[in-house]
Every structure is written in C-alpha cells, then in structure tokens.
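Trainee: Got a minute to go through this model with me? I'd like to start with the empty space inside, then move on to other things.

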Amino acid sequence: MARLGYRRFGAQGSDWGTSIGQRQPDRVAGIHLMPPLAPPDPATLDDLTGAERAALATLREADEWGSGYSAQQSTRPQTVGYGLVDSPAALCAWIVEKFWSWADSGGDLHRVITRDELLDNLMLYWLPGTGASSARLYWESLRQVNEWISGSAGAPVTVPTGCSVFPKELQRPPRRWAERRFPNIRYWNEPGKGGHFAAFEQPALFADEVRSFFRPVR
C-alpha cells in the first residue's frame with residue numbers, strides 16, 4: 001500500500017488475516033477481522049459463559065472430525081497437491097466438501113452459493129494450477145495459526161480492531177478472549193447468519209459489517 005502511495009489505510013481479513021495489524025501499525029487506520037483468532041483465556045475456564053462453552057465444543061469437534069485436510073496440508077502438502085493439479089474431480093471434492101461443511105446453508109449449499117459460483121471459485125485454482133501451492137500455505141504457516149487458536153495469545157495487536165463473528169464460523173472466540181490479543185476492539189458484532197465464507201455467502205451483510213467498523217475510524 002505504501003508503494004501505491006497510500007500513507008494511511010485500513011485492512012480486512014478472515015482467519016489468515018488476523019496478523020495484518022502487526023506490520024506498520026502506524027499506517028493502519030484499523031483492521032476488520034472475521035473472526036479474530038484468539039485462544040481460550042485460562043483465567044476464564046472456571047467461570048465460562050454459555051457462548052464460551054459452545055466455542056470450546058466447536059474447537060473440540062473441529063479438531064476431532066474436521067481437521068484431516070489441515071493435517072495433510074501442513075505435513076505432506078505435495079502428496080495431495082499432485083492430485084489437486086492433475087484431476088478436476090479431486091480438486092472439486094477437496095474444496096467443495098469444505099463449502100458444504102462450513103457454509104451456513106442448513107444442509108442445502110446451493111441455497112447460499114450457486115453451482116456457477118462454486119465453479120468460479122474452483123477455476124481460480126484449476127486454471128493457474130495453484131492447488132498444490134495453496135496447500136503449502138498450511139505447511140508454511142499452520143503452526144503459528146494453531147497457536148493463535150488454542151495456544152497463547154501472543155503479542156498484542158494494538159491497532160483499532162473491528163470483529164464480526166458469524167454464527168457458523170469455525171472459530172468463534174467470545175469478546176473477553178479476543179481482547180487479550182486485540183486490546184483495542186472498537187466494533188464487535190455477531191450477525192444472525194453466515195458461515196466461514198461469509199463474504200461469499202452473504203455479501204451485502206459482509207459489506208455492512210466492514211462499513212460499520214471503518215466509518216468511525218477512517
């Protein structure tokens with residue numbers, strides 16, 4: 001952004017974007033995250049709210065039943081990578097299963113994301129052959145991300161922060177956990193619908209969330 005001539009700017013990110021406020025914080029007007037990745041606070045474990053118990057249950061379920069792809073990509077990404085760049089069927093199965101699992105669709109994925117939209121997404125991997133390189137992101141980064149989810153809070157991110165936690169998101173840290181890592185939360189909202197792909201599933205709602213945070217900090 002600095003090379004483009006912007007002295008001050010905002011940034012928006014999903015789970016992989018939770019560290020975007022740590023670089024050049026003097027230039028960043030604010031960051032909007034969905035969700036903010038933050039681990040459980042040990043100090044709260046003897047006094048959990050219902051939402052915090054639900055958040056812990058979701059983490060346990062994801063670790064037991066939904067993390068196979070992540071373990072594969074973070075340890076042997078090239079093994080699955082050859083299939084992802086060689087077979088459209090393998091690429092489709094690998095990616096669309098996650099849309100089916102993680103979208104807020106009530107079991108009918110095409111109610112929120114059409115077949116054509118799914119194919120558009122798949123073609124972004126298929127045409128440039130990026131299935132293997134996208135899998136390698138986990139090998140390069142997942143240990144750090146797991147630390148943010150279930151380890152220590154790490155270094156605080158002090159820039160103004162907005163958080164939107166959608167109801168079917170994989171990680172849904174409550175605010176008092178998130179504030180350990182993001183002590184300058186200016187906006188917090190929990191919309192009534194949307195999953196891990198909220199910007200894709202509910203674009204108008206996503207845009208409203210981003211505007212609601214950045215309007216007072218721009």
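**Cavity, pocket and salt bridges**

Mentor: Happy to. The largest cavity is lined by Leu37, Ala38, Pro40, Ala55, Leu59, Ile149, Gln171, Arg172, Pro173 and Trp177. Keep in mind that this is a predicted model.

Trainee: How much space lies in the largest cavity?

Mentor: About 60 Å³.

Trainee: And what does the lining of the largest cavity have by class?

Mentor: Eight of the lining residues are nonpolar, one is polar and one is charged.

Trainee: How many cavities of 30 Å³ or more does the count come to?

Mentor: One cavity reaches that size.

Trainee: OK, pockets now. What volume does the second largest pocket have?

Mentor: Its volume is about 180 Å³.

Trainee: Which residues line the second largest pocket?

Mentor: From the earlier part of the chain you have Ala51, Ala54 and Ala55. Then come Val165, Phe166 and Pro167, followed by Arg172, Pro173, Pro174 and Arg175, and finally Glu190 and Pro191. Ala55, Arg172 and Pro173 appear in the lining of the cavity and in that of this pocket.

Trainee: Which helix gives the most to the lining of the second largest pocket?

Mentor: Helix α1, residues 50-65, with three residues.

Trainee: How many charged residues are in that pocket lining?

Mentor: Three, alongside nine nonpolar residues and no polar ones.

Trainee: Switching topic: how many salt bridges does the structure hold?

Mentor: Five. One of them pairs Asp41 with Arg180, with 3.6 Å between the closest N and O atoms.

Trainee: Which parts does the Asp41 and Arg180 pair tie together?

Mentor: Asp41 sits in the loop between β2 (28-33) and α1, while Arg180 belongs to helix α7 (residues 175-181), so the salt bridge ties together parts that are 139 residues apart in sequence.

Trainee: Are those two buried or exposed?

Mentor: Asp41 counts as buried, because its relative accessibility is 13% and the cut-off for buried is under 20%. Arg180 is partly exposed, at 34%.

Trainee: What about Arg175, from the pocket lining? Which residue does the Arg175 side chain meet in a salt bridge?

Mentor: Glu179, at 3.0 Å from N to O. Both residues lie in helix α7, four residues apart, which is about one turn of the helix. Arg175 is partly exposed at 33% relative accessibility, and Glu179 is partly exposed too, at 36%.

Trainee: Got another salt bridge for me?

Mentor: Sure, Lys98 and Glu97 meet through their side chains, 3.0 Å from N to O. Lys98 is buried, with a relative accessible area of 13%, whereas Glu97 is partly exposed at 33%.

Trainee: And how many disulfides does the structure hold?

Mentor: Zero. As for cysteines, Cys163 is buried, with a relative accessible area of 0%, and Cys92 counts as partly exposed at 31%.

Trainee: Last thing. What pLDDT does the chain average?

Mentor: It averages 91, and 99% of the residues score at least 70.

Trainee: Where is confidence lowest, and where is it highest?

Mentor: The lowest is helix α6 (residues 131-150), with a mean of 83, and the highest is strand β4 (residues 185-189), at 98. As a general habit, where pLDDT is low, don't read the predicted coordinates in detail.

Technical notes:
Residues numbered from 1 in each chain as written. Predicted model: local features only at pLDDT ≥ 70, side-chain atom pairs only at ≥ 80, totals over all residues. Heavy atoms only, no water. 1 Å grid on protein atoms, 1.4 Å probe; cavity = no way out; pocket = protein on both sides within 12 Å on 5 of 7 lines; lining within 4 Å. Points joined across faces, edges and corners; volume = space filled by probe spheres on them. Helix = DSSP H or I, 4+ residues; strand = E, 2+ residues; numbered from the N terminus. Nonpolar A, V, L, I, M, F, W, Y, C, P; charged D, E, K, R; others polar. Salt bridge = Lys/Arg side-chain N within 4 Å of Asp/Glu carboxyl O. Buried < 20%, exposed > 50% of the residue type's maximum accessible area, 1.4 Å probe, protein only. Disulfide = S-S within 2.5 Å. pLDDT = per-residue confidence, 0-100.
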